[in-house]
Amino acid sequence: MNASIADDDLRNDWQLDEVEALFALPFQDLLFRAQTVHRVHHAPNTVQMSTLLSVKTGACPEDCAYCPQSVRYDTGLDREALMAVADVTARAKAAREAGATRFCMGAAWRSPKKRDIEVMTAMIREVKSLGLESCATLGMLSREQAKELRDAGLDYYNHNIDTSPEFYGEIITTRDFKDRLDTLEAVREAGMNVCCGGIVGMGETVRDRARMLQVLANLPQHPESVPINQLVAVPGTPLADQAPIDPFDFVRTIAVARILMPRSAVRLSAGRERMSDELQALAFFAGANSIFYGEKLLTTGNPDVEHDRALLARLGIEAAGAAPATLHA
Ligand code: SAM
Ligand code: DTB
Ligand code: SF4
C-alpha cells in the first residue's frame with residue numbers, strides 16, 4: 001500500500017459530470033481503473049463478512065417503496081416484537097462460529113424510543129463481549145441516542161441515503177433526504193463508523209446513481225462502509241414489478257463507488273441470491289470487498305453459508321480476520 005497515493009486519492013469535491021463520465025467509460029476501462037484503485041488501498045483477495053439479524057420485524061410506519069416491512073404494504077410478513085437479549089446473543093455466537101466478523105442488528109423503526117435504546121445497548125454489549133464488531137440500523141437517531149449507542153460499544157451505524165436527492169421523493173415520502181443527512185451527522189459526531197449506501201434497480205436513471213455516489217463521496221468524511229444493494233423486488237411492495245437492473249450496470253455502480261471512496265469497504269449487499277457466481281466475481285473485481293453472510297438478510301433470502309464459502313474458495317478469496325474494530329482518525 002502506498003500512503004502518498006492514498007492521501008492524494010481521497011477527495012470530497014467530486015463534480016457530477018466527473019462521476020457521470022466514470023459511468024460512461026467502456027466497461028473494461030472502468031473495471032481496470034477500479035481494480036487499480038482497489039489494489040492501492042486494500043488486500044486484493046480479502047472480503048469482510050457481516051451477518052444481519054432483524055431484531056424487530058415489520059409494522060414500520062414509514063413508506064419506503066422497496067421495503068417489505070412497511071405497515072402500508074401487504075407483503076405477508078409476520079410482525080415480531082423486539083427480541084430478547086439472550087436470543088440475540090445466541091444468534092451472534094452462531095454468526096461468529098460460522099465465520100462472520102461483524103454482527104448487524106436491524107429494527108423496523110422510524111426511530112428508536114428510550115426503552116428501545118436501553119435494550120439495544122444491552123444487545124450491543126453482548127455482541128462486543130463475543131469479540132465481534134457491532135453494527136446497528138434502527139432508523140433516525142438524535143445526537144443523544146447516537147452517543148448512548150456509542151458508549152455501549154457500537155462500532156458501526158448503518159443508515160442509507162438509498163438513492164439520489166432528486167429521486168428520493170419517488171421512493172419515500174415519510175421523511176426527507178435532509179433527515180438522513182442529520183442522522184449521519186449525529187453518528188459521526190458520536191464517533192462511530194458510518195455505514196451508508198443505497199439501492200440500485202428501483203427505476204432510477206444513471207444520473208441518479210451518479211448523484212447518489214457523489215453525495216456519499218462528498219460527505220465531510222467518506223463512510224467507512226458503503227453497502228450497494230440491488231433491489232429485492234418483494235411482492236406487495238410498490239416496486240414488486242420493477243424490472244431488474246442490467247447486471248453490468250450494477251457492477252458499474254460498484255466500480256464507481258470504489259473509485260470515489262478508495263479506502264471504504266464497498267459491500268455487495270442485498271440481491272446476491274439472484275446473482276450468478278460469475279456476476280459476484282465481477283463485483284469483487286470491481287472493488288466490492290464486503291458481503292452479508294448468512295442465510296437471511298433482514299426478512300429476505302441470502303445465499304447459503306456453504307455456497308458462499310465455496311464461492312470464496314473457488315476465487316481464492318479469504319475472509320477478513322476478526323480484528324478489533326478501529327475508528328478512522
Ligand atoms: N428501519 C431502518 C432504516 O430504514 O434505516 C433500518 C432497516 S432498513 C430495512 C435498512 C436498509 O435496507 C434500507 O435503507 C435499504 O437501503 C435496505 N433495504 C430494505 N429493503 C430492501 C430491498 N427490498 N431491497 C434492497 N435493499 C433494501
Ligand atoms: C443495507 O444496506 N442492506 C441491508 C442492511 N443495510 C441493513 C438490508 C437489506 C434488506 C433487504 C430486504 C430484507 O431482507 O428485508
Ligand atoms: Fe421502515 Fe426502514 Fe423499511 Fe423504511 S426501510 S419501511 S424505515 S424498516
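In which strand is E318 found? The residue belongs to strand 10, which covers residues 318-319. The model described here is predicted.

E318 is exposed because its relative accessible area is 55%, and the cut-off for that class is over 50%. Its distance from another residue, E62, can be given in two ways. Along the sequence E318 and E62 are 256 residues apart. In space, their C-alpha atoms are 38 Å apart.

**The site of ligand 3**

E62 is also one of the residues around ligand 3. The others in this shell are C60, C64, Y66, C67, S70, A108 and R175. By class, the shell holds 5 nonpolar, 1 polar and 2 charged residues. The space that ligand 3 takes up is the largest cavity.

**Strand 7 and its neighbours**

Strand 7 runs over residues 225-230, and 6 of its 6 residues are buried. The burial applies to both faces of the strand. On one side lie S225, P227 and N229, and on the other lie V226, I228 and Q230.

Strand 7 pairs with strand 6 (residues 198-200) in parallel, through 3 bridges. Within this pairing, G198 has I228 of strand 7 as its bridge partner. Helix 9 (residues 206-217) joins with strand 6 and strand 7 in a right-handed β-α-β unit.

Strand 7 also pairs with strand 8 (residues 265-268), again in the parallel sense, over 4 bridges. Here I228 stands opposite L268 of strand 8. From strand 7 the chain passes through helix 10 (residues 247-260) to reach strand 8, and this β-α-β crossover is right-handed. I228 thus appears in the contacts with strand 6 and with strand 8.

**Two residues with positive phi**

Most residues other than glycine have a negative phi. A59 has a positive value, and D162 has a positive value as well. The table gives the angle for each residue and the loop that holds it.

| Residue | Phi | Place |
|---|---|---|
| A59 | near 60° | loop between strand 1 (46-56) and helix 4 (85-98) |
| D162 | near 75° | loop between strand 4 (156-158) and helix 7 (168-171) |

Are these residues buried or exposed, or partly exposed? A59 counts as partly exposed because its relative accessibility is 29%, which falls between the cut-offs of 20% and 50%. D162 counts as buried because its relative accessibility is 2%, and buried means under 20%.

Methods. Residues are numbered from 1 along each chain as its sequence is written. Chains are lettered from A and ligands numbered from 1 in the order in which they are written. This is a predicted model: local features need pLDDT of at least 70, side-chain atom pairs count only at pLDDT 80 or more; totals for chains, interfaces and linings use all residues. Side-chain values use heavy atoms; hydrogens and water are left out. Buried means under 20% relative accessible area, exposed over 50%, partly exposed in between (1.4 Å probe, protein chains only). Helices (H or I, at least four residues) and strands (E, at least two) are DSSP runs, numbered from the N terminus. Two strands pair if DSSP finds at least two bridges between them. A crossover is right-handed if, with the strands pointing away from the viewer, the path from the first strand over the helix to the second runs clockwise. A residue is near a molecule or strand if one of its heavy atoms lies within 4 Å of it. On a 1 Å grid over the protein atoms alone, a cavity is a set of points where a 1.4 Å probe fits but cannot get out, and a pocket is an open set with protein on both sides within 12 Å along at least five of seven lines; lining residues have an atom within 4 Å of a point. A molecule sits in a cavity or pocket if more than half of its atoms lie within 2 Å of its grid points. Ala, Val, Leu, Ile, Met, Phe, Trp, Tyr, Cys and Pro count as nonpolar, Asp, Glu, Lys and Arg as charged, and the others, Gly among them, as polar.
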